Amino acid sequence: MMTRTRYIVLALAIIISMHYLLRFSNEGYGRATSIDSITNAWRGGSAPQDVKVWHEPPYKTPVPEKYYVKGNATITRKANAVVVMLARNGDLDGVVKSMTQLEAKFNHKFGYPYVFLNEEPFSEEFKRSVTALTDNKIEFGLIPRDNWFQPDWIDEAKATTSRKKMEEDHVIYGGSVPYRNMCRFNSGFFFRHPLLDKYRYYWRVEPHIRFFCTLDYDPFLFMQDEDKKYGFTISLPEYPATIPTLWNAVQEFSKLYPEYIVPGNALGFLSDDHGDSYNNCHFWSNFEIGDLDLWRGEAYMKFFEHLDSKGGFYYERWGDAPVHSIGAALFARKDQIHFFEDIGYRHEPFQHCPQEPAHSRGQCECDINDNFDREGWSCLNRYDRIFT
């Protein structure tokens, strides 16, 4: 008995010694395993050398003039970026409306390419119709089957029970499997499609949306030069009934991989009690301008794999909006998340209408008073709060 105890004590001594040896010899290991580092990272803190004092959100400072292209001036510099649209053949009318708006308000001048993705082959009519709308490059991609459809390991009986309960409770899209497929694809697979491999930045555009304002600067170059990772126009709470266990999975991930939580993060946007609970706020992901490398990175990839293993996309109805929002808030600094206040946008039933002076500068075609951020359940106040 004493011999076994001595072996246990000796083993513990060796483990502790190796831990301290690694802490002092390996800077990364030391940072990742320090209690202060773990606590600060989760709560949005940062090491002293990373501290920047904010007095107001970054969007309060206008986009610098150098990004604007006035009149018919020649475009001399572009980012490695693409417009991404997930659509079906039946969405053609809505796609035409969205593309026409985007071309007129922005892309006829800046000339960025498009990638269209569909779980079924695009029809010749679809291809012909959208190609006629622009002189810019367009590519059409087929989504791999295993990226779209419900995985075989999902317990279908459990998933069916959940869908029926949500239908009975009148949860939006509560009974839809295709909607869940879309949410899972947008959460973890769209950025892996081969047609996007050659790009760094993307603008997600949906069918049947409106752009209200002329955009005379390049948001991609702004993101690139200013080291931004994620951009949004509308933020709001998610339906709690769709994500009852999502935050539990996030907390579990943060304890397993504290080294991935970025110092100076935006946890304060997600939680009103330092991460103990989720306030349900998210960036409305039907509009995104982002850095594809944020999703391709090791932190987010492991994060998605962890969430996917829980089955919550099918056993509940986890949306890509809260998943992307949590990923951006934890794996990017808060100042790398940008509110595009000057981009007027509508996706039914909500819209963002820029306020002055952006409204006049962009010749916006929306009522300045019809703005989601004026309503009491916008989450913009929580975004603003993390900078003040």
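Student: Which phi value does glycine 311 take just after helix 13?
Tutor: The model is predicted: local features need pLDDT of at least 70, side-chain atom pairs count only at pLDDT 80 or more, and totals for chains, interfaces and linings use all residues. Residues are numbered from 1 along each chain as its sequence is written, and side-chain values use heavy atoms, leaving out hydrogens and water. Helices (H or I, at least four residues) and strands (E, at least two) are DSSP runs, numbered from the N terminus. Glycine 311 follows helix 13 directly, and its phi is positive, at about 75 degrees.

Student: What distance does helix 13 reach from its first C-alpha to its last?
Tutor: Helix 13 covers residues 298-310 and has 13 residues. The expected span is 1.5 Å times one less than the number of residues, which gives 18 Å here. The helix comes close to that, reaching 19 Å.

Student: Against which helices do the buried residues of helix 13 pack?
Tutor: Buried means under 20% relative accessible area, exposed over 50% and partly exposed in between (1.4 Å probe, protein chains only). The buried residues of helix 13 include Tyr300, Phe303, Phe304 and Leu307. With contact meaning heavy atoms within 4.5 Å, these buried residues pack against helix 8 (177-188), helix 10 (246-256), helix 12 (292-296), helix 14 (312-315) and helix 15 (320-331).

Student: Is asparagine 280 buried or exposed?
Tutor: Asparagine 280 has phi near 75 degrees, a positive value in a residue other than glycine. Its place is the loop between helix 11 (267-270) and strand 8 (281-283). With a relative accessible area of 18%, asparagine 280 is buried.

Student: Is histidine 170 buried or exposed?
Tutor: Histidine 170, also not a glycine, has a positive phi near 60 degrees. This residue sits in the loop between helix 7 (156-168) and helix 8. Its relative accessible area is 73%, so histidine 170 is exposed.

Student: Which strands stand at the edges of the open sheet?
Tutor: Two strands pair if DSSP finds at least two bridges between them. Seven strands form the open sheet, with mixed pairing, in the order 3-2-1-4-9-6-10. One side of each edge strand is left without a neighbour in the sheet because each has a single partner strand; the edge strands are strand 3 (138-142) and strand 10 (337-339).

Student: Which residue in strand 10 is the bridge partner of glycine 231?
Tutor: Strand 6 (residues 230-232) runs parallel to strand 10, and three bridges join them. In strand 10, glycine 231 has as its bridge partner histidine 338.
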